[in-house]
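The following exercises concern secondary structure, charged surface patches and salt bridges. Please examine the sequence and the model before reading each solution.

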Amino acid sequence: MQEDEISLAEAKASIRINKHALDQGLTEQPELFERVSYMAVIHASLRDQAKNNLAVIEAETASLIRQEFVEAGEKVTESTIKEELAQHKATKKASRIYLEAKKEADIWQSLKDAYEQRGRALRELASLYLSGYYQRSSIKSEKYQSDEANASYVRKRLAETRRPILNRN
């Protein structure tokens with residue numbers, strides 16, 4: 001593996017953001033994005049090569065099929081050639097290789113998109129941190145829980161005082 005390359009497992013593992021280490025996430029983001037982008041380009045290139053190879057094999061095989069029909073003195077239609085191509089061993093193999101390359105390229109492209117989103121998320125989290133969100137949110141949570149407990153207690157006491165009034169009549 002070259003220096004710019006990253007494994008799929010490493011790329012997937014590195015996507016997660018640790019909100020308690022935003023500085024580390026922000027400093028490693030450009031390098032990770034570059035490495036994932038590089039792999040996306042490599043796999044897109046491999047996909048394109050496989051697609052081109054499939055087209056060449058299909059053209060060569062179609063030519064051979066036409067020649068076989070001509071030598072046998074039979075009439076050949078394009079639909080017959082397409083059916084023969086779909087069944088031909090070399091075409092099947094090239095198609096499988098292309099589909100696998102396409103899948104890998106799509107996976108790396110989606111990872112690249114995820115790393116773009118990761119970069120935006122890191123900026124937003126850093127902005128929240130700078131505004132003191134993490135400190136205030138924990139205080140809000142405790143205060144909210146305390147207020148909710150007080151409100152529940154008051155509602156219960158009010159309900160108890162209403163019962164005797166309702167029972168007087």
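Three exercises follow, each with a worked solution, and all refer to a predicted model.

**Exercise 1. Describe the fold elements of the protein chain and the confidence assigned to them.**

Step 1. The secondary structure consists of five helices and zero strands, which gives the order α-α-α-α-α from the N terminus.

Step 2. The chain has a mean pLDDT of 87, with 83% of its residues at 70 or more.

Step 3. Confidence is highest in α4, with a mean of 96, and lowest in helix α5 (residues 133-167), with a mean of 63.

Step 4. Of the 169 residues in the chain, 22% are buried.

**Exercise 2. Identify the residues that form the positive and the negative surface patch, and place one member of each in its helix.**

Step 1. The positive patch comprises K89, K92, K93 and R96. K93 belongs to helix α4 (residues 89-130). Its relative accessibility is 51%, so K93 is classed as exposed, the cut-off being over 50%.

Step 2. The negative patch comprises E68, E71, E83 and E84. At least two of its residues come from each of α2 (22-71) and α3 (78-87). E68 is located in helix α2 and, because its relative accessibility is 54%, is likewise classed as exposed.

**Exercise 3. Which parts of the chain are linked by the salt bridges of E10, E78 and K102?**

Step 1. The whole structure contains six salt bridges. One of them pairs E10 with R35, with 3.7 Å between the closest N and O atoms. This pair connects distant parts of the chain, since E10 is in helix α1 (residues 8-14) and R35 is in helix α2, 25 residues apart. E10 is partly exposed at 33% relative accessible area, whereas R35 is buried at 12%.

Step 2. E78 forms a salt bridge with R66, and their closest N and O atoms are 3.1 Å apart. Because E78 lies in helix α3 and R66 in helix α2, the pair ties together parts 12 residues apart in sequence. E78 is partly exposed, at 48%, and R66 is partly exposed, at 33%.

Step 3. K102 forms a salt bridge with D106, with the closest N and O atoms 2.9 Å apart. The two residues are four apart in helix α4, so about one helical turn separates K102 and D106. K102 is partly exposed at 32%, and D106 is partly exposed at 37%.

Step 4. E10, E31 and R35 are joined into one network by salt bridges that share partners.

Note on methods:
Residues are numbered from 1 along each chain as its sequence is written. This is a predicted model: local features need pLDDT of at least 70, side-chain atom pairs count only at pLDDT 80 or more; totals for chains, interfaces and linings use all residues. Side-chain values use heavy atoms; hydrogens and water are left out. Patches are made of residues with over 30% relative accessible area and no salt bridge: like charges are joined within 9 Å, nonpolar side chains (Val, Leu, Ile, Met, Phe, Trp, Tyr) within 5 Å. Accessible areas come from the Shrake-Rupley method with a 1.4 Å probe; for residues, only the protein chains shown count as cover. A salt bridge is a side-chain nitrogen of Lys or Arg within 4 Å of a carboxyl oxygen of Asp or Glu. Lys and Arg count as positive and Asp and Glu as negative; His and the chain ends are not counted. The place of a charge is taken as NZ of Lys, CZ of Arg, CG of Asp or CD of Glu. Buried means under 20% relative accessible area, exposed over 50%, partly exposed in between (1.4 Å probe, protein chains only). pLDDT is the predictor's confidence in each residue, from 0 to 100.
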